Amino acid sequence: MERRSSAYYQRRHRDRLREQGLVKKELWVRPEYADELASIERRMRQPPGSSPEAPAPATGGETTMRDTTLWTPLGLYEALRTVPQTADGAIGVELIEGAEPSLLLTMHDYGDLPLFLAVGGQQIVVEALLWPVAMVPDAARFNEDLLRPHKLLPLSTLGIETLADGSDVYIMFGAVSASSALGDVLFEIETLADNVIRVTEAYAPQLREAA
């Protein structure tokens, strides 16, 4: 799979929103209202008179809180294929086989942004690639600017990872318990996708163009 900078998916996301007839409005709010504003924004993207989105009802088994039973990659793959987000084409789910199976989630509503989900021990980790470190002119200053507003990115963490080819990239990831309800896992996935777009919109102007 070709790895692309998050700026590529940000542009696709913006194009899709424009195609839906949406317009961008810049707002200034206090940090503690960021989650509330994001919820209002999602609701106002729906046509007038439509019902607000409601979480999918629990159906028992692996879709509810799982007590001491932990999700496996295969179990999550089967469960995620049944949720409305995949049924209506908003999320594509692919099982990547291997010694440690993982999932590739394609977030079609976010410009086909790819997210990678892995289950390790007691945690489910969802990760997205942001951009290569080589695209940052002044890494020290950029890192300070990037990390200071971290509280504006609920449930997500920023980091640097080295790929198999030896290149360093910025990543964003989130984690939930491997015994979480399926609804909580979905919330983590969608929050990460939304945060990737937000942080890219905020910092892409400071990056060099990719070679």
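Student: What makes the six strands E1-E2-E3-E4-E6-E5 an open sheet, and which strands are at its edges?

Tutor: In this predicted model, 6 strands form an open sheet in the order E1-E2-E3-E4-E6-E5, with antiparallel pairing. Strand E1 (91–96) and strand E5 (157–162) are the edge strands, as each pairs on one side only. From one strand to the next, the twist averages 30°.

Student: How do you know that E2 and E3 are paired?

Tutor: Two strands pair if DSSP finds at least two bridges between them. Here 5 bridges join E2 to strand E3 (residues 113–120), so the criterion is met; the two strands run antiparallel. Methionine 107 stands opposite leucine 113 in E3.

Student: With which residues is methionine 107 in contact, beyond its neighbours within four places in sequence?

Tutor: Methionine 107 is in contact with Ala90, Ile91, Asp112, Leu113, Leu115, Ile189, Glu190 and Ala193. Met107 is also among the residues with the most contacts inside the largest nonpolar core, which has 43 residues. The largest share of this core, 10 residues, comes from H6. Helix H6 (residues 182–203) lies across E1, E2, E3, E4 and E6, at about 15° to E4.

Student: Why is the pair of tryptophan 131 and tyrosine 170 called tilted?

Tutor: Ring centres must lie within 6.5 Å for a pair, and planes that are neither under 30 degrees nor over 60 apart count as tilted. The centres of tryptophan 131 and tyrosine 170 are 6.1 Å apart and their planes stand at 50°, so the pair is tilted. Tryptophan 131 lies in strand E4 and tyrosine 170 in strand E6, 39 residues apart. Both tryptophan 131 and tyrosine 170 are buried.

Student: What makes the pair of phenylalanine 142 and tyrosine 203 edge-to-face?

Tutor: The ring centres of phenylalanine 142 and tyrosine 203 are 5.8 Å apart and the planes are at 80°; an angle over 60 degrees counts as edge-to-face, so the pair earns that name. Because phenylalanine 142 lies in helix H5 and tyrosine 203 in helix H6, the pair ties together parts 61 residues apart in sequence. Trp131, Phe142, Tyr170 and Tyr203 form one aromatic cluster.

Student: Where is confidence lowest and where is it highest among the elements of the protein?

Tutor: Helix H1 (residues 6–19) has the lowest confidence, with a mean of 63, and strand E2 (residues 102–107) the highest, at 95. Over residues 51–66 the pLDDT is below 50, and this stretch has 21 contacts in the model beyond near neighbours in sequence. The protein averages a pLDDT of 79, and 71% of the residues score at least 70.

Conventions
Residues are numbered from 1 along each chain as its sequence is written. This is a predicted model: local features need pLDDT of at least 70, side-chain atom pairs count only at pLDDT 80 or more; totals for chains, interfaces and linings use all residues. Side-chain values use heavy atoms; hydrogens and water are left out. pLDDT is the predictor's confidence in each residue, from 0 to 100. Helices (H or I, at least four residues) and strands (E, at least two) are DSSP runs, numbered from the N terminus. Contact means heavy atoms within 4.5 Å. Axes are lines fitted to C-alpha atoms, for helices over the stretch in contact, and angles run from 0 to 180 degrees between N-to-C directions. A nonpolar core is a set of buried Ala, Val, Leu, Ile, Met, Phe, Trp, Tyr and Cys residues joined through side-chain atoms within 4.5 Å. Buried means under 20% relative accessible area, exposed over 50%, partly exposed in between (1.4 Å probe, protein chains only). Rings of Phe, Tyr and Trp (its six-membered ring) pair if their centres lie within 6.5 Å; planes under 30 degrees apart count as stacked, over 60 as edge-to-face and the rest as tilted.
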